[in-house]
Amino acid sequence: MNWSLYELLDLITDGDGQMKIGIILKVYIGLCVLLVSDLVGYIVAGISLRGYYADIVVFWLWLLGSFLVIVAFWRRLSAKLLLIAILSSVLLSMLPMGLPFYTLVLSTTPFGFYGLVKI
């Protein structure tokens, strides 16, 4: 199907241009429950959704849904906290992989020796 942006906006708005908040929240909460139950099932029992791409599709739908909820509820504090939580978790997940890089750079280049005192 070839949908335009206006047709997609008509799906999530009613006739007056107001967001259909109930539908957006119900779908998002359903995606959250599905993602958490998939995660718990994988960690506890080693089971997952059927197929390789099922987990990936559920995660990306949840991520896109998160940003849709953030945009739809931007005036509320909870939406801002959700955005901060998502961005901080992404940045904190990069931290463990960044430490070996900085260790390698600082140990193999003269940049790591600036703090040393010559005796």
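This report describes a predicted model of a protein, beginning with its overall make-up and then turning to helix α3.

## Overall make-up

The predicted model contains four helices and zero strands, and from the N terminus on its elements follow the order α-α-α-α. Of the 119 residues of the protein, 15% count as buried.

## Helix α3 and its two sides

Helix α3 takes in residues 53-72. With 20 residues at 1.5 Å a residue, α3 should span 28 Å, and the distance between its end C-alpha atoms is 28 Å, which agrees with that expectation.

The buried residues of this helix are V58, W62, L63, G65, S66, V69 and I70. Because these residues cover an arc of only 165 degrees around the axis, they lie on the same side of α3. Such an arrangement can be read against a general feature of helices: an α-helix has 3.6 residues a turn, so residues three or four places apart point the same way. The other side of α3 carries the exposed residues Y53, L64 and V71.

## The nonpolar core

Two of the buried residues just named, W62 and L63, return in the largest nonpolar core, which has seven residues, namely I24, Y28, W62, L63, V69, F73 and A79. The elements that give two or more residues to this core are α2, which covers residues 21-44, and α3. The largest share of the core comes from α3, which supplies three residues.

## V58, a buried residue of α3

V58 is also found in helix α3, and it counts as buried because its relative accessibility is 8%, where the cut-off for buried is under 20%. The C-alpha atom of V58 is separated by 7.8 Å from that of L34, although the two residues are 24 residues apart along the chain.

## F59 and the nonpolar surface patch

F59, by contrast, is a residue of helix α3 that counts as partly exposed because its relative accessible area is 34%, a value that falls between the limits of 20% for buried and 50% for exposed. F59 also takes part in a nonpolar patch on the surface. This patch has an area of about 760 Å², and the residues that make it are Y52, Y53, I56, V57, F59, W60 and L61. One of these, Y53, has already been named among the exposed residues of α3.

Methods
Residues are numbered from 1 along each chain as its sequence is written. This is a predicted model: local features need pLDDT of at least 70, side-chain atom pairs count only at pLDDT 80 or more; totals for chains, interfaces and linings use all residues. Side-chain values use heavy atoms; hydrogens and water are left out. Patches are made of residues with over 30% relative accessible area and no salt bridge: like charges are joined within 9 Å, nonpolar side chains (Val, Leu, Ile, Met, Phe, Trp, Tyr) within 5 Å. Accessible areas come from the Shrake-Rupley method with a 1.4 Å probe; for residues, only the protein chains shown count as cover. A salt bridge is a side-chain nitrogen of Lys or Arg within 4 Å of a carboxyl oxygen of Asp or Glu. Buried means under 20% relative accessible area, exposed over 50%, partly exposed in between (1.4 Å probe, protein chains only). The expected span of a helix is 1.5 Å times one less than its number of residues. The arc is that of the directions from the helix axis to the C-beta atoms. A nonpolar core is a set of buried Ala, Val, Leu, Ile, Met, Phe, Trp, Tyr and Cys residues joined through side-chain atoms within 4.5 Å.
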